[in-house]
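Visitor: I am new to this structure and would like a close look at a single part of it. Could you take me slowly through one region and what surrounds it?

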Amino acid sequence: MHIIDILDQHQTTFSFEFFPPKTTKASEELFQTISQLQELQPSFVSVTYGAGGTTRDRTHELIVRIQNETNLTAVSHLTSVCHTRDELRAILDRYAVSGIENILALRGDPPRDQSGYDRSNDAFQYAEELVRFIASHPNPPNPRGFGIGVAGFPEGHPCTPNRLHELDYLKRKVDGGAQYICTQLFFDNRDFFDFRERCEMAGISVPIIAGIMPITSRQGMVRMADLALGARFPARLIRAIERCAPDYTNEQVSKVGIHWATEQCRDLLDAHVRGIHFYTLNKSDATRQIYQNLGVKDSIALRSSVT
Ligand code: FAD
């Protein structure tokens, strides 16, 4: 089933994101996490795609395992960086054979250890071209081809110098065949609401799913800022985290982070968000806690409680 069909059937979707672990032991632990989160009956789960090498194969392995061993709908992220057209074609063929129906199409970023990386050898310069490529690629088990999602950036993408143009580029991805947008994480809902409004003004009418990441440790928050995701941390959030001084134990910080994320979700639900996508960092506790705080047992109950 395509994600757009799931979005059409539900007022709000709830989904979880995982990344492929580096070791077999970590893979097994992640599978435990996924099994635990399965109880929450997410609308779909997605698996990120690394910048190169073995991690890319691990995305394929994990996504196929989810498809074969759980009843979850799996979305594979795919980036065009460091890939030729032939390689991308082969990946899509493999997904078609394995029954994977949904792709989140991204440009991706060059590997961190290759500072002077030359993009001119990549099959595509922008995600828009990958979207069109996937849209034209046959997926024999499904005559409608692959379901396609793309990334959106409520606070703006760090590389975009001209903020007036960024929505034009996003619209090109939608015009090329993207059926929904999943956003980068954000901590201030005003950024999301403003983004949603700007999309509307730009004539983008596909569903927009909000990316939520609960802060569960101070180191995690610092790492997030370091990774240049561009995330803005509101003063109220920083003040709340700073009250966990001097120890900043993970227990204290995650209480603050989970409370913050819960309030974000509540506000988004009140504002009829089309979907909430949890960046789980391969752990189930925070997501489970947010569900509990929202007062529901599973996402089906949550979906039907939204009016
Ligand atoms: P694009 O849409 O191509 O945009 C990249 C930049 O180019 C933007 O600044 C945009 O405004 C600009 N631009 C676009 N089109 C044009 C044009 N025609 N002319 C001039 N400028 C243009 N990364 C991974 O490596 N693996 C993942 O699994 C992954 N998953 C992600 C999931 C989500 C939900 C999000 C939000 C991001 C994810 N990323 C992932 C990060 C993403 O790959 C990077 O942020 C990347 O730098 C941009 O990808 P994009 O698909 O948005 O690119």
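**The strands and the helices packed around them**

Guide: In this predicted model, strand E1 (residues 13–18) and strand E2 (residues 44–47) pair in the parallel sense over 4 bridges, and within that pairing Ser-15 stands opposite Phe-44 in E2. Strand E2 is covered on both of its faces, since Phe-44 and Ser-46 on one side are buried, as are Val-45 and Val-47 on the other. In a regular strand the side chains alternate between the two faces of the sheet.

The pairing of E1 with E2 belongs to a wider arrangement, in which 8 strands close into a barrel in the order E1-E2-E3-E4-E5-E6-E7-E8, with parallel pairing. From one strand to the next the twist averages 30 degrees. Further along that order, strand E6 (residues 180–185) and strand E7 (residues 208–212) pair in the parallel sense over 3 bridges, and there Leu-185 has Gly-211 in E7 as its bridge partner. Helix H4 packs on the sheet, where it touches E3 and E4, and its direction makes about 175 degrees with that of E3. Helix H6, in turn, lies across E5 and E6 and runs at about 175 degrees to E5.

From the strands we can turn to the way helices meet one another. Two packed helices are described by the angle between their axes and the distance between the axes. Helix H3 (residues 54–69) and helix H4 (residues 85–98) pack at an angle of about 15 degrees, with their axes 11 Å apart, which makes H3 roughly parallel to H4. The crossing in which H3 passes H4 is right-handed. On the H3 side the contact involves Asp-57, Thr-59, His-60, Ile-63, Val-64 and Gln-67, and these meet Arg-94, Tyr-95 and Ser-98 in H4. The residues of this contact divide into 3 nonpolar, 4 polar and 2 charged.

Helix H3 also meets helix H2 (residues 24–38), and the axes of H2 and H3 come within 12 Å and cross at roughly 40 degrees; H2 and H3 are therefore oblique to each other. The crossing of H2 and H3 is right-handed, and the contact is made by Ser-27, Glu-28, Leu-30, Phe-31 and Ile-34 of H2 together with Arg-58, Leu-62, Arg-65, Ile-66 and Glu-69 of H3. Here the residues divide into 5 nonpolar, 1 polar and 4 charged.

Two residues let us look at this part in finer detail. Ile-63, which has its place in helix H3, counts as buried because its relative accessibility is 0%. Leaving aside residues up to four places away in sequence, Ile-63 touches Val-47, Ala-74, Val-75, Ser-76, Tyr-95 and Ile-100. Thr-73, by contrast, is found in the loop between H3 and E3, and at 23% relative accessibility Thr-73 counts as partly exposed. With the close sequence neighbours again left out, up to four places away, Thr-73 touches Met-1, Ile-3, Ile-6, Ser-43, Phe-44, Val-45 and Asn-102. Thr-73 and Ile-100 are 27 residues apart in sequence and 8.6 Å apart in space, C-alpha to C-alpha.

A last stop is helix H5 (residues 127–135), whose buried residues are Ala-127, Glu-128, Leu-130, Val-131, Phe-133 and Ile-134. What covers these buried residues of H5 includes strand E3 (74–79), H4, strand E4 (102–106), strand E5 (147–152) and helix H6 (166–175).

Conventions
Residues are numbered from 1 along each chain as its sequence is written. This is a predicted model: local features need pLDDT of at least 70, side-chain atom pairs count only at pLDDT 80 or more; totals for chains, interfaces and linings use all residues. Side-chain values use heavy atoms; hydrogens and water are left out. Axes are lines fitted to C-alpha atoms, for helices over the stretch in contact, and angles run from 0 to 180 degrees between N-to-C directions. Helices (H or I, at least four residues) and strands (E, at least two) are DSSP runs, numbered from the N terminus. Angles under 35 degrees count as roughly parallel, over 145 as roughly antiparallel, 65 to 115 as roughly perpendicular and the rest as oblique. A crossing is left-handed if the near helix is turned anticlockwise from the far one by less than a right angle, and right-handed if clockwise. Contact means heavy atoms within 4.5 Å. Ala, Val, Leu, Ile, Met, Phe, Trp, Tyr, Cys and Pro count as nonpolar, Asp, Glu, Lys and Arg as charged, and the others, Gly among them, as polar. Buried means under 20% relative accessible area, exposed over 50%, partly exposed in between (1.4 Å probe, protein chains only). Two strands pair if DSSP finds at least two bridges between them.
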